[in-house]
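This report introduces a structure to a reader who has not met it before. Please examine the sequence and the model shown here before reading on.

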Amino acid sequence: MEIIVCKDYEEMSRKAAELSAEGLRQHPDGLLSFAGGDTPLGTVHAFADMVNKGEVDISRAHYVSLDEWVGLSNTDEGSCGLFNEREFFARLEKSFASRHIINGAAVDIEAERDALNAYFAAHGPLTVSVLGIGMNGHLGFNEDGVSFDLDAHIIPLSDTTKRVMSKYFGEKFHPTHGISQGIRQIMAAERVILIANGAHKADIIRQAITGPVTNAVPASVLQNHPNCYVVLDEAAAAKL
Ligand code: PGA
């Protein structure tokens, strides 16, 4: 793991976007994935700016979303799909060769999982995977206790995730399950970029990076990834 400590959120975001672009330039026909949510917002904006300025070419590249709340589609407030649409695709002046956004509101959610695996079979493995970390150490919706051997799957959400992530919905929606890329797909990525900011992430970052590799803290599996960057602001790095 290469740990990069940045002075603040803006610098973390810029660094993660640059590392993403560098990874994609090595394989311009590769597959890119960004987590959704507060942490990657600045990274996604910075990457879109780089694309629009011609600093990285996505015209031959493919894009896949990381995860979704079961029950939400990409037009629903709080969904990862809407984050992708609003914060990323709407800003891009260029298009990917193809993209696959998970539909958590699919009537047949198992078919939706199978479609995600089929997209990986067609365009994978990931070239660049940009991940956040949950307060329970989750990556995507690979919750604590998850098997490291899974591809895309549907998984019950932990109580921590339900509590912490209610910031995205308030009382409007009470998710019980997530659909997510699996750890096996994440670990097969050529380059993984884990980002975290804020003092509230300092403990879980310390556990994930300096603790044992265990599915009790899913992000700890990244210690075994051969090309993983951990990009932190000073607050999230404070307990390393
Ligand atoms: P956050 O979520 O960006 O809302 O902190 C991180 C995550 O759960 O991956």
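## The ligand and its surroundings

In this predicted model, an N or O atom in the side chain of K201 lies 2.7 Å from an oxygen atom of the ligand. Two further side chains provide polar atoms at short listed distances. For T39, an N or O atom of the side chain is 2.5 Å from an oxygen atom of the ligand. For Y168, a polar side-chain atom is 2.5 Å from an oxygen atom of the ligand.

The residues around the ligand are D38, T39, G132, I133, G134, H138, M165, K167, Y168 and K201.

## The largest pocket

The largest pocket holds about 630 Å³ of space. Its lining is made up of 35 residues, and those nearest the centre of the pocket are G36, G37, D38, M165 and Y168. D38, M165 and Y168 also appear among the residues around the ligand.

Three elements, β4 (67–69), α3 (80–89) and α5 (159–164), each contribute at least two residues to the lining of this pocket. The largest share comes from α3, which supplies 5 residues. By residue class, the lining of the largest pocket consists of 14 nonpolar, 14 polar and 7 charged residues.

## The setting of N136

N136 is located in the loop between β6 and β7 (153–156). Is this residue buried or exposed? N136 counts as buried because its relative accessible area is 9%, which is below the 20% limit for that class.

The side chain of N136 takes part in two listed polar pairings. One links the side chain of N136 to the backbone nitrogen of H138, at 3.2 Å. H138 is itself one of the residues around the ligand. The other is a polar contact between the side chains of N136 and E143, at 3.3 Å.

Apart from neighbours within four places in sequence, the residues in contact with N136 are E143, D144, S158, T160, T161, I204, A216, V217 and P218. E143 is therefore both a contact of N136 and a polar partner of its side chain, as judged by N or O atoms within 3.5 Å.

## A cis peptide bond

Most peptide bonds are trans. The bond that joins G124 and P125, however, is a cis peptide bond, with omega at about -5 degrees. P125 is found in the loop between α4 (109–123) and β6 (128–131).

Notes
Residues are numbered from 1 along each chain as its sequence is written. This is a predicted model: local features need pLDDT of at least 70, side-chain atom pairs count only at pLDDT 80 or more; totals for chains, interfaces and linings use all residues. Side-chain values use heavy atoms; hydrogens and water are left out. On a 1 Å grid over the protein atoms alone, a cavity is a set of points where a 1.4 Å probe fits but cannot get out, and a pocket is an open set with protein on both sides within 12 Å along at least five of seven lines; lining residues have an atom within 4 Å of a point. Grid points are joined across faces, edges and corners, and a volume is the space filled by probe spheres set on the points. Helices (H or I, at least four residues) and strands (E, at least two) are DSSP runs, numbered from the N terminus. Ala, Val, Leu, Ile, Met, Phe, Trp, Tyr, Cys and Pro count as nonpolar, Asp, Glu, Lys and Arg as charged, and the others, Gly among them, as polar. Buried means under 20% relative accessible area, exposed over 50%, partly exposed in between (1.4 Å probe, protein chains only). A polar contact is a pair of N or O atoms within 3.5 Å; within protein, one must be able to donate a hydrogen and the other to accept it, and residues adjacent in sequence count only if both atoms are side-chain atoms. Contact means heavy atoms within 4.5 Å. A residue is near a molecule or strand if one of its heavy atoms lies within 4 Å of it.
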